Amino acid sequence: MSDQASTTTSHLRAVRLWLFAAAAMIFLTLVVGGATRLTESGLSIVEWKPVTGVLPPLSQAEWQTEFTKYQAIPQYRERNAGMSLDDFKTIYYWEWSHRLLARSTGAVFLLPFLVFLWRGWIPPRLKTRLWIIFGAGAALGAVGWWMVSSGLAGSARVSVSQYRLAFHLTLACAIYAAVLWTAQGLARQGGGAPRRMRITSLAIVFLVLLQIYLGALVAGLDAGLVYNTWPLIDGAFVPDAARLWFETPWWRNLFENTLTVQFDHRMVAYTIWLVAIFHLRDGWRLRYAARSALLVAILVTLQALLGIVTLLHQTPLHLALAHQFMAIVVFTAAVVHAERLSTRAPG
């Protein structure tokens, strides 16, 4: 191998490791963000200070000031009236940690990216894609504040809008998938799988992303606290249409009717499982695809079982956290598997 080829290979390896580090940071941010939502901590910081907000309150007076601001919003008055300052610090640190991780992830992505661009280590075909990913990440911060603002002073809500929560989470997952796919794509060239396998692997990725979106709606509506039976929901496998579609206009049922939202979440879960099993049958015939297809099918099955257990126990915090964590694990496995089966042009 020539010195030039060796140098290029080492450069690509460095770029790939950087992207995997950024993906790991996004993964951690997603997990902490889920915990922030489940502990109802997301509204504890009522201002968006991208620079000065890096530091938490450092004195008792600063803590009291932040607590006073929180006491002015509906969530405190209607759900947490009488909360102590120490209890406020707990939810504050969840939200602060989530925001700090998001900021740190942006730095982990941008600073090495600029260095690699300066040194000419980024393949030309990736430059535009990586700038788009960075732009989407910057927009995600604004979307996060847009989400939080839906539950602050002047609003009648005691939690963030489920519409904005679902959009924020789905955009974060899409960015995560793009970073992971790009990093994985630098590992090798060539390859590819039969067309049907490529299509079903991508279908699993998009179905899991849709399921994460629906899961955010379930969380935003606290829909997991109602209809805690399985396999029946509201007394039937398929509830009465009059109960599923009573909101007007009809489309609001898809986002605001707790029965419809939870029913959709269940139906998509069944669909993902069936597609994963069908895909595994095809993958078993290809030695290089069998293991990852089996892993995806196993993880999908475990996640479905965990979802059922979580529902039957009325979503206790530890099970809900585990369910959200597993959702990101399933999504990760599905993205990596689909990328492995994709066809890439050499060079």
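Visitor: Where is the place of Ser 150?

Guide: Ser 150 is found in the loop between H5 and helix H6 (162-185). Helices here are DSSP runs of H or I with at least four residues, numbered from the N terminus. The model is a predicted one, in which local features need pLDDT of at least 70 and side-chain atom pairs count only at pLDDT 80 or more, whereas totals for chains, interfaces and linings use all residues. Residues are numbered from 1 along each chain as its sequence is written, and side-chain values use heavy atoms, with hydrogens and water left out.

Visitor: Does Ser 150 count as buried or exposed, and why?

Guide: Its relative accessibility is 8%. Buried means under 20% relative accessible area, exposed over 50%, and partly exposed in between, with a 1.4 Å probe and protein chains only. Ser 150 therefore counts as buried.

Visitor: What does the side chain of Ser 150 reach?

Guide: It reaches the backbone nitrogen of Ser 161 at 2.9 Å. A polar contact is a pair of N or O atoms within 3.5 Å; within protein, one must be able to donate a hydrogen and the other to accept it, and residues adjacent in sequence count only if both atoms are side-chain atoms. Leaving aside neighbours within four places in sequence, Ser 150 is also in contact (heavy atoms within 4.5 Å) with several residues, among them Ser 155 and Arg 157.

Visitor: Why is Arg 157 called partly exposed?

Guide: Arg 157 has a relative accessible area of 31%, so it belongs to the class between buried and exposed. This residue also lies in the loop between H5 and H6. Its side chain makes a polar contact with the side chain of Gln 162 at 3.4 Å, and a polar atom of that side chain lies 3.0 Å from the backbone oxygen of Ser 159. Although Arg 157 and Gln 75 are 82 residues apart along the chain, their C-alpha atoms are separated by 7.2 Å.

Visitor: How do you know that the span of helix H5 agrees with its 26 residues?

Guide: The expected span of a helix is 1.5 Å times one less than its number of residues. For H5 (residues 124-149) this gives 38 Å, and its end C-alpha atoms are 39 Å apart, so the two agree. Among the buried residues of H5 are Leu 126, Leu 130 and Ile 133. An α-helix has 3.6 residues a turn, so residues three or four places apart point the same way.

Visitor: Why does Asn 228 count as buried?

Guide: Its relative accessibility is 16%, which means that Asn 228 falls into the buried class. Asn 228 lies in the loop between helix H7 (195-221) and helix H8 (241-244), and its side chain reaches the backbone oxygen of Gly 224 at 2.7 Å. Not counting residues up to four places away in sequence, Asn 228 touches Leu 311, Leu 312 and Gln 314.

Visitor: What makes phi of Gln 314 worth naming?

Guide: Most residues other than glycine have a negative phi, and most peptide bonds are trans. Phi of Gln 314, a residue other than glycine, is positive, near 60°. Gln 314 is partly exposed, since its relative accessible area is 48%. Thr 315 is not a glycine either, and has a positive phi of about 50°. Thr 315 counts as partly exposed because its relative accessibility is 26%.

Visitor: Which residues does a cis peptide bond join, with omega about 10°?

Guide: That bond joins Trp 230 and Pro 231, and Pro 231 is in the loop between H7 and H8. The peptide bond from Thr 248 to Pro 249 is also cis, with omega near -5°.

Conventions: Helix = DSSP H or I, 4+ residues; strand = E, 2+ residues; numbered from the N terminus.
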